[in-house]
Amino acid sequence: MQFSITHALRYRYDRPVFFEPMLIRLCPRHDHAQHLLAFDLQITPTPTGSTQILDAHDNRTRVIWFNGTHEQMQIQSTSQIRMLETSPFDYLVTERGAEQLPVEYGPALVPPLMVFRQRADHDRTVDRLADELRQEAAGQTLEYLRRLVRHIPDQCTQIHREQGNPWPASRTLARREGSCRDLTLLFMELCRAVGLAARFVSGYCTIESLNQANELHAWAEVYVPGGGWRGYDPTVGVATSGEHIALAVAADPGNAAPTFGNYRGTDAVSEFDYEIRIQPEGGR
C-alpha cells in the first residue's frame, strides 16, 4: 500500500523573535518495512542555512538556522511511502540468552543496547506488574511481549493530550489511562524491567479504528536477536506491520520529536498549530 503524507507545522509570535538552530525529523524511514519514494521539505521564511545529518539514533534530520528576527515560521513536509507486506513474526531468536527472562544479550550487543535498557522509572508497581506478566508467560520472552502489548490497552484507556511530556510509567499505571506516548513509555519500562532493550518511535498510524490519521502517533520497538528492532503498539495492542509509518526513533521520547528548537524574544507569546493529511494511493 502506498500513502501520500502532508505534515504542516505553523509557529506564530506576537512580536519578532530570533530562532535558535532547529532540528527537523519529518522524513520517514527507508528500510525493509517501508520504502520512501519521495520527500520534500518547504520552510518559510527561507533559512539562512540548512544541512542534512544522521543524528545519534540514525534518524534523517534537517538542521536549519536563521539570521535576523521573524514573527512566524511554517514547515511543511510531503512524503510518498510504500508500506511492504511483512509479518511481524517472521524471525527466529538467535541467542539462547534472549529466549528467557530476564534477557541476557550476547557480549557484542551489550554496549550498543545499553542506553535502550536504562530504566527511567523504578517504581515498585512497575516491577510488580512486570513480574506478574513474566510468570504468566512462563519466562518466555516472546510470550511476555505478546501478553504485555495486549495487557496495556485492556487495562488502560487511551486519552488525547496534545501537549506535555509523556507521563512516568508509574503515573500512567496508577491512572489506568494515557495518551499513546504515555502508554508507549509504560510499555518500554515494562520491557526494560525484564532486561529487554526498547526504544520510542514517532510516526503515523493508518489503522482506521484508531482514528489518528490526522495525528502523530507513538509506539515502541524492542530489540530481539535474530529479529532486530520489532515494533509493538500498546495503544491498540498489536505487533506493528504495514499500518505504522515510522519517522524517528530514540531511547527517550524527546530525541524522537519531529522538531526541536528554541527562540529568543523578551515576553514573546507563541502560538502553534499543525495539520497532517494521509491519503492512500493504492499502489504496491
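The following conversation asks how several descriptions of this predicted model are justified.

Visitor: What should I keep in mind about the numbering and the values?
Guide: Residues are numbered from 1 along each chain as its sequence is written, and side-chain values use heavy atoms, with hydrogens and water left out. The model is predicted, and local features need pLDDT of at least 70, side-chain atom pairs count only at pLDDT 80 or more, and totals for chains, interfaces and linings use all residues.

Visitor: Why is the pair of F116 and W229 called edge-to-face?
Guide: Rings of Phe, Tyr and Trp (its six-membered ring) pair if their centres lie within 6.5 Å, with planes under 30 degrees apart counted as stacked, over 60 as edge-to-face and the rest as tilted. The centres of F116 and W229 are 5.0 Å apart and their planes stand at 70°, so the pair is edge-to-face. The structure holds 9 aromatic pairs, and ring pairs also link Y13, F19, F66 and Y263 into a cluster.

Visitor: Which of the words buried or partly exposed fits F116, and which fits W229?
Guide: Buried means under 20% relative accessible area, exposed over 50%, and partly exposed in between (1.4 Å probe, protein chains only). F116 has 8% and is therefore buried, whereas W229, with 21%, is partly exposed.

Visitor: How do you know that R25 counts as buried, and what lies around its side chain?
Guide: The relative accessibility of R25 is 4%, so R25 counts as buried. A polar contact is a pair of N or O atoms within 3.5 Å; within protein, one must be able to donate a hydrogen and the other to accept it, and residues adjacent in sequence count only if both atoms are side-chain atoms. A polar atom of the R25 side chain lies 3.4 Å from the backbone oxygen of N255 and one lies 2.7 Å from the backbone oxygen of A257.

Visitor: What makes strand 10 mostly covered, and how many bridges join strand 10 to strand 9 and to strand 11?
Guide: Strands (E, at least two residues) and helices (H or I, at least four) are DSSP runs, numbered from the N terminus. In strand 10 (residues 217–224), 8 of its 8 residues are buried; H217, W219, E221 and Y223 point one way, and A218, A220, V222 and V224 the other way. Two strands pair if DSSP finds at least two bridges between them. Strand 10 runs antiparallel to strand 9, with 6 bridges, and antiparallel to strand 11, with 5 bridges.
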